[in-house]
There are 2 protein chains.
Amino acid sequence: MFNIAKVLADIEADSDQNIDLLADLLKIKSISTIPDYADECYQAAGWLKAFLDSFGMDAIIYESEGHPIVFSNYQTSRPEAKTILFYGHYDVQPVDPVSLWDSDPFDPVLSSIDNEPCIIARGASDDKGQLLTFLIALKYIKDEAGELPFSLKIILEGEEECGSKTLPIFLEDYKDKLSADIAYVCDTGMWDKDTPAITRSLRGLLSEEFKIIGPDRDLHSGEFGGVAWNPIRIITKILSDVYDDEGKVTIPNFYDGVNEVNENIINSWKKLTFNEAEYLNKIGQKSSSGETGRSIFEKTWSRPTFEINGIFGGYTDEGTKTVIPSEANAKITCRLVGNQDPEKILENIHKYIKSSLPDGVQVIFDGADHCRAIEFDTDSYYFQSASEAIEEEWGVSPVFTGGGGSIPVVEAFKTLLNMDTVLIGFALDDDRIHSPNEKYNISSYVKGIKTWARVIAKYQ
Amino acid sequence: MFNIAKVLADIEADSDQNIDLLADLLKIKSISTIPDYADECYQAAGWLKAFLDSFGMDAIIYESEGHPIVFSNYQTSRPEAKTILFYGHYDVQPVDPVSLWDSDPFDPVLSSIDNEPCIIARGASDDKGQLLTFLIALKYIKDEAGELPFSLKIILEGEEECGSKTLPIFLEDYKDKLSADIAYVCDTGMWDKDTPAITRSLRGLLSEEFKIIGPDRDLHSGEFGGVAWNPIRIITKILSDVYDDEGKVTIPNFYDGVNEVNENIINSWKKLTFNEAEYLNKIGQKSSSGETGRSIFEKTWSRPTFEINGIFGGYTDEGTKTVIPSEANAKITCRLVGNQDPEKILENIHKYIKSSLPDGVQVIFDGADHCRAIEFDTDSYYFQSASEAIEEEWGVSPVFTGGGGSIPVVEAFKTLLNMDTVLIGFALDDDRIHSPNEKYNISSYVKGIKTWARVIAKYQ
């Protein structure tokens, strides 16, 4: 048992010291995509190990072909204590274009934007500031209580921004050391600066690429126009017929496994401050695509999509060429939700395309890959206790948002370790992650640390 | 009056000498697209001027920014004689890939393919061999008769294979010296080696390029998939809806000005030896696109088309990128027939595309260009007399074929000089024009010269 009030007061009192700690980590240029920064990635891993060791977490550095993973396997002495897994990443995106930064991306600056104090540096929000909120909370509780109320596995990787090549090798190697009751990840955002959020679902992803082959070579459109099957015409027809007039995907059985979101969740979304016109205006749009009769939240958080990410065929340089090309290509991805089965959907996409081809026209598929959607049971103990802790700190209960994107590590935890993940984060839409002048609000940071302390305190 | 029988006999007797003449011209590397060969183009022009001058045609060399044009303005003394214009081009295509040639492309070789004697060299068929058939016929008649039975303007250009930049300047400069009753061009083909042909129509061409702009920047398909208008989806829908299920173009009023071909012409096409499956097999196809219920001849010679020549948008490099792109682009061309008005069609295409856009999605058009279709009155004196002359030489009357492509100079003669063109040529499908081992059959050449002599004799 420890005194959470004292822990929270200490965290508040030590704000400057903890900001210095973040600034220190932000100075390390751990850009994972650029080989020249490999040493800095190693240095960041070393920094994190030293920090964890400073309060007795006995971290190790796991090395493989890529950047190292920092791992800690802490055992509490408390009987029947839960086991927690925490995941974060210390690597950051490249800083280009550096000319658009108002200060050196790796020389953190304390500033104030719209009267909100913040720290500006690459990685401030994504994910150094965020992962430290959890680690610092641990330190205060360990210092106060002598030990943590749970056993804990910590995984801090250095390749999240460049494809996480090492992580699957690590997960395989350490599989029997990783089992836990629940995972926490601090790499998501709040709804707005006053409204905290827990991400309750992530869409899955299915990617495919295909090539339509018409004539066996490029043809002159004068000689053969009107007779030769133009593969661009065929591919545009195939892709266009994927959607009906209501914006629904027409691929047979595409919606198998898609569930309607339960009413409580829908109601919590209805309470969110949200201006559709402003939202669309931010991306230069006046209207919204997708299924008729669905809200923006439903469309991006709970409905699957079929998206064309790239198309190319024929003559694409300057001017005109009267060619009927031999080939046309498209790259597509589907976002998946609920229990949609990527393999069945892929099979149905293949069938649909093949059945759309005129006699003698060919298709070649290439590059399919997929991960399933994830949806968590927000009624579970872990979600409910986190929700309470968050409400205590922020004065409002968190909204259970959906995540439109996919976080492969979270799917790996589910698939490999059969473990749910509570996605709590304190980033804001205007944190400019991946962009110049990335920042993290001081309130996100300090209240973030306090929030995690409250979440951890629930395990007492 | 001259003795056509003697002329024909002389031409036959002098075959070897005339083949040497062609071989001599073929040695000149007049590749117009490659600046290094500019001197050789000039040399070819000089060769032709010298040849024309050798039988009193007083040619001049017209120089402007590009390769020179050889021009002759011959006046006959015969009262009320017709005036004829002849057009040809002395420039040739590049020879790449040179490794696929069995001999030096500019060192003509006499050979035999399928028991047909031929001459192999770049330009043998396109268009040095063809233009010489006319010029040599002139020489024999002038030598025999002392003068030609008509006044004659000869235009031999050197930029047909590279965009004819100089020709419009020349046509404008020499406009008042160019009026004639009829033009002849020898740059087309026979139906097959036993069936001569006159091209009775050429399709027009309308080209346009457009860009669909959805969101104001590329977006993450996780965050915005299902809400953002994907411009690739919009462009595929627009392009796909251009065709109905019967292969007809749906753009309003697209077929205004398209006439059904008269029954005599259709009947002459029905008599042609033609195997549809073989034809399709040659381009790697098993079925034919275009309008249901129309023959291949109708589709390529007498019906308009809407063709997509290029498309591009989004991510097109290797692998997957989960992007919703801001833009998608397409390049289209229409082949036009009859009295279709390119400007009205362009206006209707613009209207159709604009009306297909969701609210807030933009289109930018760029690069429209067009020339009208041309169709000649094959009942006119010039077509009938040419037809008779051809039948006398070949033993069969020529078929009046359509040309699927467009020959801009022929449209310029029609538009600028209000003059029809009789398109007679002796090339064969297997002459490999623009490709390695281009050839011209000796029979095409010798009988070609004799054919023109017979055509000219009709003016006596």
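## A guided reading of the two-chain model

His350(A) lies in helix 11 of chain A, which covers residues 342-355. The structure is a predicted model, and this residue offers a convenient point of entry. With a relative accessible area of 18%, His350(A) is buried, because the cut-off for that class is under 20%. Leaving aside neighbours within four places in sequence, His350(A) is in contact with Glu208(A) and Phe365(A).

Two further places in chain A concern the backbone. The peptide bond that joins Asp96(A) and Pro97(A) is cis, with omega at about -5°. Pro97(A) belongs to the loop between strand 3 (83-89) and strand 4 (109-113) of chain A. The second place is Asn253(A), which has a positive phi of about 60° although it is not a glycine. Asn253(A) is found in the loop between helix 7 (231-240) and helix 8 (263-270) of chain A. Its relative accessible area is 46%, so Asn253(A) is classed as partly exposed, a class that lies between the limits of 20% and 50%.

The description now turns to chain B, beginning with strand 3. How many of the residues of strand 3 (residues 83-89) of chain B are buried? The count is 7 of the 7 residues, and the strand is therefore largely enclosed by the rest of the structure. The side chains can be followed in two sets: Thr83(B), Leu85(B), Tyr87(B) and His89(B) point one way from the strand, while Ile84(B), Phe86(B) and Gly88(B) point the other way. The residues of both sets are all buried.

Strand 3 of chain B also pairs with other strands of its chain. It is joined to strand 6 (residues 151-157) of chain B by 7 bridges, and the two run parallel. Within this pairing, Phe86(B) stands opposite Ile154(B) of strand 6. Strand 3 of chain B pairs as well with strand 7 (residues 182-185) of chain B, in the parallel sense and over 4 bridges. Here the bridge partner of Tyr87(B) is Val185(B) in strand 7.

Strand 7 of chain B leads on to Asp420(B), since Ile182(B) and Ala183(B) are among the residues that Asp420(B) touches. Beyond four places in sequence, the other residues touched by Asp420(B) are Phe376(B), Asp377(B) and Lys414(B). With Lys414(B) there is a polar contact between the two side chains, at 2.5 Å. Asp420(B) lies in the loop between helix 13 (408-417) and strand 17 (421-424) of chain B. Is Asp420(B) buried or exposed? At 18% relative accessibility, Asp420(B) counts as buried, because buried means under 20%.

Asn418(B) lies in the loop between helix 13 and strand 17 of chain B. Asn418(B) counts as exposed, at 65% relative accessibility, because the limit for exposed residues is over 50%. Although Asn418(B) is not a glycine, its phi is positive, at about 50°. Elsewhere in chain B, the peptide bond from Asp126(B) to Asp127(B) is cis, with omega near 5°. Asp127(B) lies in the loop between strand 5 (116-120) and helix 4 (128-145) of chain B.

The remaining topic is the interface of the two chains. Chain B and chain A bury about 5500 Å² between them, and carbon and sulfur atoms give 52% of this area. More than any other three residues, Val227(B), Arg233(B) and Ile283(B) contribute to the area that chain B buries against chain A, supplying 12% of it. The contact takes 70 residues from chain B and 70 residues from chain A.

What kinds of polar interaction cross this interface? The rule finds 0 salt bridges between chain B and chain A, whereas the count of residue pairs in polar contact is 34, both residues being at pLDDT 80 or more. On the side of chain B that touches chain A, strand 11 (residues 305-314) of chain B gives the most, with 9 residues. That side of chain B divides into 22 nonpolar, 31 polar and 17 charged residues.

Strand 11 also takes part in pairing across the interface. Strand 11 (residues 305-314) of chain A and strand 11 of chain B run antiparallel and are joined by 5 bridges. In this pairing, Gly314(A) stands opposite Gly310(B).

Methods. Residues are numbered from 1 along each chain as its sequence is written. Chains are lettered from A and ligands numbered from 1 in the order in which they are written. Side-chain values use heavy atoms; hydrogens and water are left out. Contact means heavy atoms within 4.5 Å. Buried area is the accessible area (1.4 Å probe) that two parts lose on being put together, summed over both. A salt bridge is a side-chain nitrogen of Lys or Arg within 4 Å of a carboxyl oxygen of Asp or Glu. A polar contact is a pair of N or O atoms within 3.5 Å; within protein, one must be able to donate a hydrogen and the other to accept it, and residues adjacent in sequence count only if both atoms are side-chain atoms. Ala, Val, Leu, Ile, Met, Phe, Trp, Tyr, Cys and Pro count as nonpolar, Asp, Glu, Lys and Arg as charged, and the others, Gly among them, as polar. Two strands pair if DSSP finds at least two bridges between them. Buried means under 20% relative accessible area, exposed over 50%, partly exposed in between (1.4 Å probe, protein chains only).
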